[in-house]
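Reader: I'm happier at the bench than in front of a structure viewer. Could you walk me through how to read the features of a model like this?

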Amino acid sequence: MVRAIGLISGTSVDGIDAALVDISGTKRDLKVELVGGITYPYPADLRSQILAVCSGSSLNMAELAQLDDAIAIEFSQAALTIQDKYGKAELIGSHGQTVYHRPPKNHQTTKEITTELRLETQNTLGYSLQLGRGALIAYLTGITTVSNFRVADIAAGGQGAPLVSIVDAYLLRHPTYNRCVQNLGGIGNVTYLPPKKSEEKEGEINPRSPEWGSGILGWDTGPGNSLLDLAVEHFSGGTKTYDRDGAWAKSGTPCLALVDQWLQQEFFLQRPPKSTGRELFGWDYFQGCLAEAKSENLTPADLLATLVELTAVSIAHSYRNFLPQIPDQVLLCGGGSRNLYLKERLQAQLAPAEVLTTSEAGLNADFKEAIAFAVLAYWRSCGVPGNLPEVTGAFASVLLGEINNCQYNQA
């Protein structure tokens, strides 16, 4: 058994989720038990700087290095704090803070692999940057740290996202139900899990195997909380960062004409594999929504309701267009799983599917993503590939993450 910490701050930039977990087995016999979880807040000025960079603010190299170190220090403090509360760990898996994500271009073009990868066009490969370097986290905590998970999948032609689908498959698959695991962070992502058939043999997951029915699928669905949080901060003058329980949005009336218009955005029509981030659904996109809301004479509550509807309808739209069937159950996780109004609208859009949370299926909804990166770090330390090419579009299964061995023994 290994006791590991998973660390992640998502596109909402609302703090660092830390999960301390006990892990044993490898894949087919994987067992994961959550010991405890915390959300460690960013200092307000650092959070503001991260959000500015994600919105396109420029940095020189010295400023980038300083930001990288500042984030690593906060991630280290999150790891030390959770150990003070729940006990010592021997491994850290740190996703870091995404500040830039560029999906691959021409991804669906057939490629020829010979002795080397031939790129058909410039910038065919994607690019993703997570700050908070693992070497510094390892030094400050005294614990071996696995970080920089996305780059290996991207180098193999993948999107580098979503990476948690393979962990979802081992921990949340049901013997009879078709399930979707829907993360509602700043950006939403889904994992589709067909039921395990009775005749399936023990072994590692092969999503293309006939025993897996339609196979495991996954992709980024579009905005989760990103636009909602931007709207709340805008309308509250910065005094609020999110809409608790979705109460403010529920008091408004959604403009369905705007939702239909926004759904024509190219990303929603693109077939998976696909990924996105604040580069698309961030400040500039919100400014466009705000301008169009003013032309429709929407109140702040109306715009919030319209943005909730966009999240719910875009998720349902992607299920209907890209899944073999509507699932029996949808399991929500991430910060948006606590938005009761969003959950209500998803239930209305996805009926007759039952909309629950991963907590109700035995995996903590608040810390599921952090748990996943603890597992990915554990697999990396065992030499086990951690991506799912069926989901990311990579050409092969690869080892994910760079191992930063601790050379510093804290007294």
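Author: Sure, let's begin with sulfurs. A disulfide is called when two cysteine sulfur atoms lie within 2.5 Å of each other. Keep in mind as we go that this is a predicted model.

Reader: Good, cysteines I know. How many disulfides does a search of the whole structure find?

Author: The search comes up with zero disulfides. As a general idea, a disulfide is a covalent bond between the sulfur atoms of two cysteines. Now the case here: the cysteine sulfur closest to that of Cys255 belongs to Cys289, and at 11 Å it is too far for a bond. Cys333 is in no disulfide either, with the nearest cysteine sulfur, in Cys180, 12 Å away.

Reader: Are those two cysteines buried or exposed?

Author: Cys255 is buried, at a relative accessible area of 12%. Cys333 is buried too, with 0% relative accessibility.

Reader: Let's move to sheets. What order do the strands of the open sheet have?

Author: There are five strands, in the order 9-8-7-10-11, and the pairing is mixed. Strand 9 (217–223) and strand 11 are at the edges with a single partner strand each, so one side of each has no neighbour in the sheet. On average, and with direction ignored, neighbouring strands of this sheet are turned by 25 degrees against each other.

Reader: "Mixed" is a bit abstract for me. Which strands pair in the antiparallel sense over six bridges?

Author: Those are strand 8 (residues 187–193) and strand 9. To find a spot on screen, look for Val190, whose bridge partner in strand 9 is Trp219. For a parallel pair, go to strand 10 (residues 329–333) and strand 11 (residues 354–357), joined by four bridges. There, Val330 stands opposite Val355 of strand 11. Between strand 10 and strand 11 the chain passes through helix 12 (residues 340–350), in a right-handed β-α-β crossover.

Reader: And where do the side chains of a strand point?

Author: In a regular strand they alternate between the two faces of the sheet.

Reader: What does helix 12 touch as it packs on the sheet?

Author: Helix 12 touches strand 7 (179–184), strand 10 and strand 11, and its direction makes about 150 degrees with that of strand 11.

Reader: Now the interior. Which residues touch the most other members of the largest nonpolar core?

Author: The core to picture is a set of buried nonpolar residues linked through their side chains. The largest one has 48 residues, and those touching the most other members are Trp262, Tyr285, Leu307, Tyr319, Val330 and Leu346. Helix 11 (residues 300–322) supplies the largest share of this core, with 12 residues. Another core lies apart from it, with 43 residues, including Ala19, Val146, Ala370 and Tyr378.

Reader: Which residues is Trp262 in contact with, leaving aside neighbours within four places in sequence?

Author: The contacts of Trp262 include Tyr285, Leu307, Phe268 and Cys289, as well as Glu292 and Thr306.

Reader: How many residues of helix 6 are buried?

Author: Seven of the 10 residues in helix 6 (residues 226–235) are buried, so you can call it mostly covered. Among them are Ser226, Asp229 and Val232. The buried residues pack against strand 8, strand 9, helix 7 (247–250), helix 10 (283–295) and helix 11. Just after helix 6 comes Gly237, with a positive phi of about 65 degrees.

Reader: Which residues other than glycine have a positive phi?

Author: Two to look at are Asn148, with phi near 55 degrees, and Asp245, with phi near 60 degrees. Asn148 is in the loop between strand 6 (145–147) and helix 4, and is partly exposed at a relative accessible area of 22%. Asp245 is in the loop between helix 6 and helix 7, and counts as partly exposed at 40% relative accessibility.

Reader: Last one: where should I look for cis peptide bonds?

Author: Try the bond from Ala161 to Pro162, with omega near -15 degrees. Pro162 is in the loop between helix 4 (150–155) and helix 5 (165–172). Then check Pro272 and Pro273, also joined by a cis peptide bond, with omega about 5 degrees. Pro273 is in the loop between helix 9 (266–269) and helix 10.

Technical notes: Residues numbered from 1 in each chain as written. Predicted model: local features only at pLDDT ≥ 70, side-chain atom pairs only at ≥ 80, totals over all residues. Heavy atoms only, no water. Pairing = 2+ DSSP bridges. Helix = DSSP H or I, 4+ residues; strand = E, 2+ residues; numbered from the N terminus. Right-handed = clockwise from strand over helix to strand, strands pointing away. Axes fitted to C-alpha atoms, helices over the stretch in contact; angles between N-to-C directions. Contact = heavy atoms within 4.5 Å. Buried < 20%, exposed > 50% of the residue type's maximum accessible area, 1.4 Å probe, protein only. Core = buried A, V, L, I, M, F, W, Y, C linked by side-chain atoms within 4.5 Å.
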